[in-house]
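Hi,

Here is the structure I said I would pass on. Have a look at it first, and then read my notes underneath.

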Amino acid sequence: MPGENGHFHERTSQLPAYPRNIAVPKRRSEPYHKTMSARIIDELDPPFEVAEPAALSGPVVCNSPHSGRSYPAKFLSQSRLDLASLRRSEDTFVDELFADAVKFGVPMMRAHFPRAFLDVNREPYELDPRMFEGRLPPFANTRSLRVAGGLGTIARVVGDSREIYDRRLPVEEALARIELFYKPYHRELRRLIVNAQRHFGVAVLVDCHSMPSNASGRDERPRADIVLGDRYGTSCAASVTDLIEDTLRGFGYSVVRNKPYAGGFITEHYGDPGAGLHAVQIELNRALYMDEREYRKSTRFQAVRDDLSRMIARL
């Protein structure tokens, strides 16, 4: 997979050091407690955060790559959309739903930057050349289906297909976002996974996401409560996905697998069951826990959070 020179480091390789010009992510040794609404900032410092328990209780790692809601002021000035429109691509509050994982000895990682600014659930160089002034690196993947849909590493549109930018971006800016935020994010996520596997012989990555309550387009039927994505069995052993599904069904949720979300880049890249690396994506229906229009928690938020905590504890 692409990385420093178009290729990611191997899963078992030694983690490289952070560049000197990037802030090392904040690490916490306790669960999150504060509710963070969207905010406008001058700098992303730190760009992401890791909460780690004093001791690991098992091989599980939780990751919330799309729940970031700290919007750089420069990014907002480049956008033709207002903040409320940009937030449509957020997995709002998902990091808080899984925050109690740390209480059960499970590390939890979350992005502070928003998905509309940078999507770490993509290859590092899935870029649309029509968005940029200047030439992209020759190894950039400019023809993926995600790029064609406007949802590359630097997204062209938000979830309802509305164009984000009112002008082309300098290609240097796109590459800077990748160097300063994307690559350090994945180095840190890889560190957590390697550490879990080193302790327990296997690692289980739970990639945490949310989905709108209704499908876009002509199909307006309500979605299931939860969609589990294991790349059709290629990123995670069936026994692990079965345990998650059975647990959630036991709590009363409707659960389906792989449709419409089979898992993104993170699930595909880190999941390798034959090597003891299991990755499963969890998509939560936002109607379960929030008011989607007002970006507010609903009265069911705490109950959903408690159920997800019990699920993590069983893993």
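Let's start with a term you'll need: a salt bridge is a side-chain nitrogen of Lys or Arg within 4 Å of a carboxyl oxygen of Asp or Glu. A good example joins glutamate 245 and arginine 257, where the closest N and O atoms are 2.5 Å apart. Glutamate 245 sits in helix α6 (residues 238-250) and arginine 257 in strand β11 (residues 255-257), so this pair ties together parts that are 12 residues apart in sequence. Helices (H or I, at least four residues) and strands (E, at least two) are DSSP runs, numbered from the N terminus.

Before going further, a word on where this comes from. It's a predicted model, so local features need pLDDT of at least 70 and side-chain atom pairs count only at pLDDT 80 or more, while totals for chains, interfaces and linings use all residues. Residues are numbered from 1 along each chain as its sequence is written, and side-chain values use heavy atoms, with hydrogens and water left out.

Are the two partners in that first pair buried or exposed? Buried means under 20% relative accessible area, exposed means over 50%, and partly exposed is in between (1.4 Å probe, protein chains only). Glutamate 245 is buried at 12%, and arginine 257 is partly exposed at 28%.

Now the overall picture. The protein chain has 8 helices and 14 strands, and 57% of its 315 residues are buried. If you take contacts (heavy atoms within 4.5 Å) with a separation of 6 or more, 79% of them join residues 24 or more positions apart. The chain exposes about 14000 Å², with carbon and sulfur atoms supplying 48% of that; accessible areas come from the Shrake-Rupley method with a 1.4 Å probe, and for residues only the protein chains shown count as cover.

Back to the charged pairs: how many salt bridges are there? The count comes to 27. One of them links arginine 110 to aspartate 95, at 2.7 Å from N to O. Arginine 110 belongs to strand β6 (residues 108-111) and aspartate 95 to helix α3 (residues 94-97), so the pair connects parts 15 residues apart in sequence. Arginine 110 is buried, with a relative accessibility of 7%, and aspartate 95 is buried too, at 1%. Both belong to a network of salt bridges that also takes in Glu49, Arg69, Glu96 and Lys297. Another pair is glutamate 90 with arginine 87, their closest N and O atoms 2.8 Å apart. Glutamate 90 is buried at 1%, and arginine 87 is buried at 10%.

Next, helix packing. Two packed helices are described by the angle between their axes and the distance between the axes. For α6 and helix α8 (residues 301-314), the angle is about 145 degrees and the axes are 10 Å apart. Axes here are lines fitted to C-alpha atoms, for helices over the stretch in contact, and angles run from 0 to 180 degrees between N-to-C directions. From α6, the contact uses Leu243, Ile244, Thr247 and Leu248, and from α8, Leu308, Met311 and Arg314.

One last spot to find: phenylalanine 265, in helix α7 (residues 265-270). Phenylalanine 265 is buried, at 1% relative accessibility. Its C-alpha atom is 8.2 Å from that of valine 120, although the two residues are 145 apart along the chain.

Cheers
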